[in-house]
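User: Hi! Could you walk me through a helix and its surroundings in this model?
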Amino acid sequence: ILRAAAILSAEEDWMGSETDKLPPGDEMSAPALTAMPLALRRRAVRRWLLENGISEAGFAETERVLSLLDVERGPAKVNLPGGCHARRRTGKIFLERP
């Protein structure tokens with residue numbers, strides 16, 4: 001258990017440093033997200049949601065936003081807490097507020 005905790009702690013530090021490299025902003029690049037490994041993609045989206053005022057950003061909200069990356073079968077708009085929506089248009093994911 002101690003060895004697993006040490007490994008996970010180091011991986012947590014690495015993933016945090018990788019998401020720190022992402023540019024802040026109101027929108028995210030869908031192609032850039034798609035190119036990331038899934039674990040890093042999830043962390044990037046959750047961080048983006050939190051930075052943009054979606055304080056209730058958990059796994060379900062993160063997965064909803066990630067569903068926007070599936071251009072063939074996924075939606076172009078998903079609902080988020082507080083009446084906000086995430087949308088995909090022209091390779092960008094952005095938030096719409098009420």
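User: Which residue follows H3, and what is the sign of its phi?

Analyst: Happy to help! This is a predicted model, where local features need pLDDT of at least 70, side-chain atom pairs count only at pLDDT 80 or more, and totals for chains, interfaces and linings use all residues. Residues are numbered from 1 along each chain as its sequence is written, and side-chain values use heavy atoms, leaving out hydrogens and water. Helices are DSSP runs of H or I with at least four residues, strands are E runs of at least two, and both are numbered from the N terminus. After H3 comes Gly-53, and its phi, near 85°, is positive.

User: What does H3 reach from its first C-alpha to its last?

Analyst: H3 covers residues 38-51, which is 14 residues. The expected span is 1.5 Å times one less than the number of residues. That gives an expected 20 Å, and H3 comes close to it, reaching 20 Å.

User: Is Thr-62 buried or exposed?

Analyst: Buried means under 20% relative accessible area, exposed over 50% and partly exposed in between, using a 1.4 Å probe and protein chains only. Thr-62 lies in helix H4. Its relative accessible area is 3%, so Thr-62 is buried.

User: Which residues does Glu-61 touch, not counting those up to four places away in sequence?

Analyst: Glu-61 is also in helix H4, and its relative accessible area of 13% makes this residue buried. Contact here means heavy atoms within 4.5 Å. On that basis, Glu-61 touches Leu-49, Glu-56, Leu-80 and Pro-81.
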